[in-house]
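The following exercises concern the geometry of one protein chain. Each consists of a task and a solution that proceeds in steps.

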Amino acid sequence: METELDRSAQERLIIVSNRLPYRASHDAEGHITLERSVGGLASGLGPLHEQDGNLWIGWMGDTADFDEAEQADVAARLAACGCLPVLLDPADAEAYYEGLSNSALWPLFHGFPQFVRFDEAEWEAYRRVNERFCDEIVAVARPGDVVWVQDYHLMLLPTLLRAKLPDATIGFFLHIPFPDYETFRMLPWREDIVRGVLGADLIGFHAYDYVRHFLSSCRRIAGVENTSGALTVDGRLTQVDAFPLGIDYERYRQAARKPEVQRAAAAFAEEKGHEGCKVMLSVERLDYSKGIPNRLHAFDIFLDRHPEWEGRVVLVLVTVPSRENVASYRALKKQIDELVGLINGKHSTMDWSPVDYYYRSLSFDRLASLYAVSDVMLVTPLRDGMNLVCKEYLACHDGGGGVLVLSEMAGASYELHEALRVNPFDLEDVVGAMERALTMGTDEQRRRNAPMQQRLARYTSEKWAREFLDAAHGVKQRQAGMSARLLGPTTAVRLLDAFRGSGRRALMLDYDGTLMPFSDDPGRVVPDSRLLELLERLSSEETDIVVVSGRDRNTLETWLGALSVDLVAEHGVWFRRKEEDAWMLEEPLSDGWKEALRPVLCDFVDRTPGSLLEEKDFSLVWHYRTCSQELAERRVIEIKNALSDGLADQGLALMDGNKVLEIKPRGVDKGHAAHRWFRNPMYDFLLAAGDDRTDEDVFEAAPETAWTIKVGGGPTHARYTLKDCREMRGLLEALAEV
């Protein structure tokens, strides 16, 4: 069995993100320096990137301050660090980054449509930049590489790469929320974005709610259904799942214990000037999604209601500068400045100011000292993909107290449910949590923190990355398992020998697309005389022929009833054995539901030229083989949206077939029907053949010794494949000659 060590020796990881994990700048003397980024992505993927041979591809950032020689120098230094810089046209970079990425996708995905700007020119720049990244990756890619694309800046890249590198392992991870369908549908380029992401083998999000929203948009916008997060896209399996990003827990834990950090924490506490003064800490990047004004309003209300806390608590507000050239961010900065001034002006005394405000970035040690000294951490964003600050705070308090007040709207809240969770839009809730946090006893603090800290210590950023990559390899293995081998001459000889050497055989054969080609009119696929004669020759005392079809029983009776074959109709609803005249139901079923659903499907027939409704005893089938493809794709999505959510409660399922949608009883399928023959011990040769999604149920139910054959292309659980029904008929002719 292949081990992780064996695999890592064979492959190279290519990490792709908007920015590289290094920032180039001039020092005071004009020399170029490279500084390692300290963000969650850089720390999470850093250990993997540092392994020999791995590569990180990303934008070098604004290079206006560097001349040509300096740019070449920076590129050479980055190459020595395993980084490949992508150089972008300055106008494209501006429109792609500040424009489409951060003025359309960022606010929309975080639920702030009032800040959204949709601009066609910025969209075209976004497309060009994604294509530029694709070209850079393709130029250096080697067989066996794993390409891991990061975040909302590059949502078109997976499908662009798939077109150029069809066999590559491609992962995509979104580090911000994915919005609900009603919000996402506002995006003019929504289908391009969904289909762009679907080029990946594995698509990851921080929380399952984001997974659910994405899968809903796949169904409603692209018409792609999922089963337990697995989708079939252009004949390829794609998996969607949640992988919550962790932190380098031990780094923060040890940092809080460093003597210099403890000295800085003690000095800071002494600065507050009051014995026993408690510290509430807020550390956020300047952004409207972080809810900083709401936090300040809540603190103001808290001080109004609890004058006993005058001089006994201080809110340390650290706001890291961000996008200062964007008008909405400048306005937010002004609002925060004014709120801090108002609160301090209203509540301050001669020797105490309630808000200690810092508008700047902090060094790692300075941040760790603030974490360590703070009694309460306020993490109350209005919307956040994950938020690692709350995890860093807990790591710095490992073994000790400290209270985390955490927004329900942060992805981290799904993991840290022992925290004091609040609705950040409910100021009363936040005010109450502040009071509870400040008065909470040390024993309760430790009791709450311990399970969260244990969880975070186990699921680190490195473990997050490893689990994602392991899952990506698992998807590729499943893809390989669903890629049947062509039934060539050598294998065909083995099949014939097995058939010849067996005592009792069962051949389970689909009808449409397997024994007979498809037709625009389903009623015209009458079996030809050669097929009837072939089935009659195959049927014998030693060989049972079973035609397992989605057709209704009357049609099968008319076409094949005179032959010595077993018949299964409506995907397993009805059975008729060759020695009997009567049809039997597999189990009691009701057709009362059809009265309510028939008018809905009839309405779609009326609005979709070329479609038709077929009614069977216990199912309704909407056919769209002769429809315009574009219109049919749209109608399929509409039907699924109209019907899918309510069917399960009625014990029904909506099943995709080859140019059909069928509503039928849940739990009734061809695989269930096939068990009658698969579990019969008298058969020592079993063969099952089919072309459709419905036949996959048979292939999955078949024992390992069975010969399973997919007719046509696409992923399958069958062991072998044939190109079309002509080749299938040829195989049956060969079996009839044995």
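How many aromatic pairs does the count come to? The count comes to 31 aromatic pairs. The coordinates belong to a predicted model.

**Exercise 1. Characterise the ring pair F173 and W464, and locate both residues in the secondary structure.**

Step 1. The ring centres of F173 and W464 are 5.2 Å apart, and the planes make an angle of 85 degrees. Angles over 60 degrees count as edge-to-face, and the pair of F173 and W464 is accordingly classed as edge-to-face.

Step 2. F173 belongs to strand β7 (residues 169–173) and W464 to helix α18 (residues 461–481), so the pair ties together parts that are 291 residues apart in sequence.

Step 3. The cut-off for a buried residue is under 20% relative accessible area. F173 has a relative accessible area of 0% and is therefore buried. W464, with 0% relative accessibility, also counts as buried.

**Exercise 2. Repeat the analysis for F499 and F685.**

Step 1. F499 and F685 form an edge-to-face aromatic pair, with 5.3 Å from centre to centre and 85 degrees between the planes.

Step 2. F499 is in helix α19 (residues 489–500) and F685 is in strand β28 (residues 685–690); the pair links distant parts of the chain, 186 residues apart.

Step 3. Both F499 and F685 are buried.

**Exercise 3. Identify a cluster of rings, and then the arginines that lie over ring faces at F604 and W707.**

Step 1. Y96, F118, W123, Y126 and W189 are linked into a cluster by ring pairs.

Step 2. Over the face of F604 lies R607, at 4.7 Å from the ring centre.

Step 3. For W707, the residue over the face is R719, at 5.4 Å from the ring centre.

**Exercise 4. Classify the packing of helices α12 and α16.**

Step 1. The axes of α12 (residues 292–305) and α16 (residues 427–439) come within 9 Å and cross at roughly 60 degrees.

Step 2. Angles from 65 to 115 degrees count as roughly perpendicular, and those under 35 degrees as roughly parallel. The helices α12 and α16 are therefore oblique to each other.

Step 3. The crossing of α12 past α16 is right-handed.

Step 4. On the α12 side, the residues that meet α16 are N294, R295, H297, A298, F299, I301, F302 and R305. Their counterparts in α16 are L427, E428, V430, V431, M434, E435 and L438.

**Exercise 5. Classify the packing of helices α14 and α15.**

Step 1. For α14 (residues 364–373) and α15 (residues 389–396), the axes come within 8 Å and cross at roughly 70 degrees.

Step 2. The two helices, α14 and α15, are therefore roughly perpendicular to each other.

Step 3. α14 passes α15 in a right-handed crossing. L367, A368, Y371 and A372 of α14 make the contact with V389, E392, Y393 and C396 of α15.

**Exercise 6. Examine the backbone at D151 and H571, and state where each residue lies.**

Step 1. D151 is not a glycine, yet its phi is positive, at about 75 degrees. The residue D151 is placed in the loop between β6 (146–150) and α6 (157–164). D151 has a relative accessible area of 12% and is therefore buried.

Step 2. H571, also a residue other than glycine, has a positive phi near 60 degrees. H571 is located in the loop between β21 (566–569) and β22 (574–576). With a relative accessible area of 6%, H571 is buried.

**Exercise 7. Describe the surroundings of L198 and G99.**

Step 1. L198 lies in the loop between α8 (190–197) and β8 (202–205). Its relative accessible area is 1%, so L198 is buried.

Step 2. Apart from neighbours within four places in sequence, L198 is in contact with T159, I203, F214, C218, V224, V233, R236 and T238. From L198 to P259 the separation is 61 residues in sequence and 49 Å in space, C-alpha to C-alpha.

Step 3. G99 is part of helix α4 (residues 90–109). G99 is buried, with a relative accessible area of 1%.

Step 4. Beyond neighbours within four places in sequence, G99 is in contact with E94, A104, R117 and E122. G99 and L612 are 513 residues apart in sequence, and their C-alpha atoms are 46 Å apart in space.

Definitions and conventions. Residues numbered from 1 in each chain as written. Predicted model: local features only at pLDDT ≥ 70, side-chain atom pairs only at ≥ 80, totals over all residues. Heavy atoms only, no water. Helix = DSSP H or I, 4+ residues; strand = E, 2+ residues; numbered from the N terminus. Buried < 20%, exposed > 50% of the residue type's maximum accessible area, 1.4 Å probe, protein only. Contact = heavy atoms within 4.5 Å. Phe/Tyr/Trp six-rings, centres within 6.5 Å; stacked < 30°, edge-to-face > 60°. Lys NZ or Arg CZ within 6 Å of the ring centre and 35° of its normal. Axes fitted to C-alpha atoms, helices over the stretch in contact; angles between N-to-C directions. Parallel < 35°, antiparallel > 145°, perpendicular 65-115°, else oblique. Left-handed = near helix turned anticlockwise from the far one by under 90°.
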